[in-house]
Amino acid sequence: MHILNPLLPARLRVLAPGVMLAVVVAMAAQFLSSHYGVPVMLMAILLGMPLHFLAEDARAAPGIDFAARGLLRIGVALLGLRVSLDMVSAIGWPFVALIAGSIAAVILGSVAVARRVGQDRAFAMLTGGSVAICGASAAMAISSVLPQRERSERDLSFTVITVTALSTVAMILYPILAAWLGLDPHRTGLFLGGTIHDVAQVVGAGYSVSEGTGDIATVVKLIRVTLLAPVVLIASLALRRTSAASGARPPLLPGFVLAFLLLAAANSAHLIPELVTDAASTASRALLVAAVAAVGMKTALARLAEVGPAAIVMLLAQTAVIAALIGIPLILGLV
C-alpha cells in the first residue's frame with residue numbers, strides 16, 4: 001500500500017479512505033437486505049449513523065463528503081438508462097399527465113404549507129419530492145441542489161429513513177387496499193406504481209399481486225423516475241433566482257441532470273445495448289446505496305430528534321395525498 005500510494009493522484013489519495021468506508025457500509029447493507037428482506041437504503045443509512053465519528057476524522061471526511069454528493073450524482077445520471085419514451089406510450093398519456101400533475105400538486109402544496117408546520121421550503125421540497133417521485137433517490141438528488149444549511153444532513157437522513165419506512169408499509173398494505181377497492185390487475189399496477197415511494201417496494205408490491213401487475217407497476221414507477229430530472233432542474237432554476245443577490249448561484253442545468261436526460265434520450269432511441277443498460281442499472285443502484293451510507297455517516301443520531309413530530313405528520317400527509325390523487329381517478333374510471 002505504501003508503495004502504491006505515491007503512484008496515485010493526490011486527489012484520489014485524499015478521497016479513497018472515506019469512499020472505501022462508504023462502500024463497505026453499503027456492502028454490509030446489501031448483505032443484510034439480501035438475507036433478511038429489509039430495504040437496502042434504510043439499512044445503509046442506519047448502519048452509517050453510528051459511524052458519524054468517522055465523518056469528523058480529517059482522513060475520512062473528504063471521501064465521505066464526495067460519496068454523499070459525487071457518487072449520488074453519478075448514480076442519478078445512470079438512472080437515465082432505465083427510462084424511455086416507450087414506457088410512456090405503453091401506459092398512455094392521460095395517466096402520465098395525471099402522474100405529472102400529482103407530483104406538482106404534492107411538491108407545490110408542501111411548499112405552500114411548510115411555514116405553517118414549522119418547516120422551511122427546502123425541507124418541504126425535499127420531502128415532497130421524495131414522496132412524489134422515487135423515495136430516497138429523489139431525496140438525495142433534490143438535496144444536492146438545495147442550499148447547504150446547518151441541518152441539511154439531518155433533514156436528508158430523516159427523510160430517507162421515514163420515506164423508506166412508509167414505502168415498506170405501503171408495499172404491504174396497498175395491494176390489500178387495491179383489492180378492497182375492487183381495482184382490476186391493470187389498474188392495481190397503475191395504482192401501486194403511481195403511489196409507492198421507492199422502486200424496490202413497487203416491484204415487491206406489484207409482483208405480489210401478479211406478473212402482469214408487477215410489469216405495469218414497474219413501468220409506471222420508472223415514468224415517475226423520469227420526472228426527477230425536470231423537478232431538479234426547476235428547483236435549480238428557482239434557487240438561482242432566490243440566490244442571485246448573494247452571488248452563490250447554482251448552475252443553470254446541473255451536470256448530472258443533463259447526463260440523465262442525454263442517457264434517457266439515447267435509451268429512447270434504442271442506441272444503448274440491453275447489456276449496457278442492465279449493467280448501468282446495477283451500478284446506479286450500488287452508487288446510490290453508497291451515497292446513502294455516506295449521508296448516514298455524516299448525520300449525528302442525536303440531531304434526528306430535533307426534526308419534531310410535525311415533520312412526520314407532513315410526510316404522512318404527503319403520502320396520503322399522492323395516494324388519493326392517483327387512486328380516486330382510477331376508482332372512478334377517469335383514466
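The second largest cavity of this predicted model has a volume of about 40 Å³. Its lining consists of Leu126, Ser143, Leu146, Pro147, Gln148, Arg149, Ser152 and Asp155. Helix 7 and helix 8 each contribute at least two residues to that lining. The points below cover the cavities, the largest pocket, a largely enclosed helix, an aromatic pair, selected individual residues and the confidence of the prediction.

**Cavities**

- The count of cavities of 30 Å³ or more comes to two.
- By residue class, the lining of the second largest cavity divides into three nonpolar, three polar and two charged residues.
- The largest cavity has a volume of about 100 Å³.
- Around the largest cavity lie Ala68, Arg69, Leu72, Met140, Ser143, Ser144, Gln148, Ser152, Glu153, Leu156, Val295 and Lys298.
- Ser143, Gln148 and Ser152 appear in the lining of the largest cavity and also in that of the second largest cavity.
- Helix 4 (61-78), helix 7 and helix 8 (152-180) each supply at least two residues of the lining of the largest cavity.
- The lining of the largest cavity comprises five nonpolar, four polar and three charged residues.

**The largest pocket**

- The largest pocket has a volume of about 590 Å³.
- A total of 22 residues line the largest pocket, and Ile107, Met125, Ile234, Ala235 and Ala238 are the ones nearest its centre.
- At least two lining residues of the largest pocket come from each of helix 6 (93-113), helix 7 (121-143) and helix 12 (228-242).
- Helix 12 gives the most to this lining, with seven residues.
- Of the residues lining the largest pocket, 17 are nonpolar, one is polar and four are charged.

**Helix 2, a largely enclosed element**

- Helix 2 spans residues 40-48 and is largely enclosed by the rest of the structure, because seven of its nine residues are buried.
- The buried residues of helix 2 are Val40, Met41, Leu42, Met43, Ala44, Ile45 and Gly48.
- The cover over these buried residues includes helix 1 (10-36), helix 3 (52-55), helix 7, helix 8 and helix 14 (274-297).
- Helix 7 and helix 8 thus recur in this description: they are part of the cover of helix 2, and each also supplies at least two residues to the lining of the largest cavity.

**Aromatic pairs**

- A search of the whole structure finds two aromatic pairs.
- One of them joins Tyr174 and Phe191 in a tilted arrangement, 5.4 Å centre to centre with 40° between the planes.
- Because Tyr174 lies in helix 8 and Phe191 in helix 9 (residues 185-195), this pair ties together parts that are 17 residues apart in sequence.
- Tyr174 has a relative accessibility of 11% and therefore counts as buried.
- Phe191 is likewise buried, with a relative accessible area of 2%.

**Individual residues**

- Ser102 is located in helix 6.
- With a relative accessibility of 2%, Ser102 counts as buried.
- When residues up to four places away in sequence are not counted, Ser102 touches Ile322, Leu325 and Ile326.
- Glu56 is placed in the loop between helix 3 and helix 4.
- Glu56 counts as exposed, because its relative accessibility of 61% is over the 50% cut-off.
- The C-alpha atoms of Glu56 and Ile99 are separated by 41 Å, and the two residues are 43 residues apart along the chain.
- His270 is found in the loop between helix 13 (255-268) and helix 14.
- The phi angle of His270 is positive, at about 60°, although the residue is not a glycine.
- His270 is exposed, with a relative accessible area of 57%.

**Confidence of the prediction**

- The protein averages a pLDDT of 84, and 91% of the residues score at least 70.
- Confidence is highest in helix 9, at 94, and lowest in helix 15 (residues 301-304), at a mean of 68.
- Where pLDDT is low, the predicted coordinates should not be read in detail.
- Phe191, a member of the tilted aromatic pair, lies in helix 9, the element in which confidence is highest.

Conventions
Residues are numbered from 1 along each chain as its sequence is written. This is a predicted model: local features need pLDDT of at least 70, side-chain atom pairs count only at pLDDT 80 or more; totals for chains, interfaces and linings use all residues. Side-chain values use heavy atoms; hydrogens and water are left out. On a 1 Å grid over the protein atoms alone, a cavity is a set of points where a 1.4 Å probe fits but cannot get out, and a pocket is an open set with protein on both sides within 12 Å along at least five of seven lines; lining residues have an atom within 4 Å of a point. Grid points are joined across faces, edges and corners, and a volume is the space filled by probe spheres set on the points. Helices (H or I, at least four residues) and strands (E, at least two) are DSSP runs, numbered from the N terminus. Ala, Val, Leu, Ile, Met, Phe, Trp, Tyr, Cys and Pro count as nonpolar, Asp, Glu, Lys and Arg as charged, and the others, Gly among them, as polar. Buried means under 20% relative accessible area, exposed over 50%, partly exposed in between (1.4 Å probe, protein chains only). Contact means heavy atoms within 4.5 Å. Rings of Phe, Tyr and Trp (its six-membered ring) pair if their centres lie within 6.5 Å; planes under 30 degrees apart count as stacked, over 60 as edge-to-face and the rest as tilted. pLDDT is the predictor's confidence in each residue, from 0 to 100.
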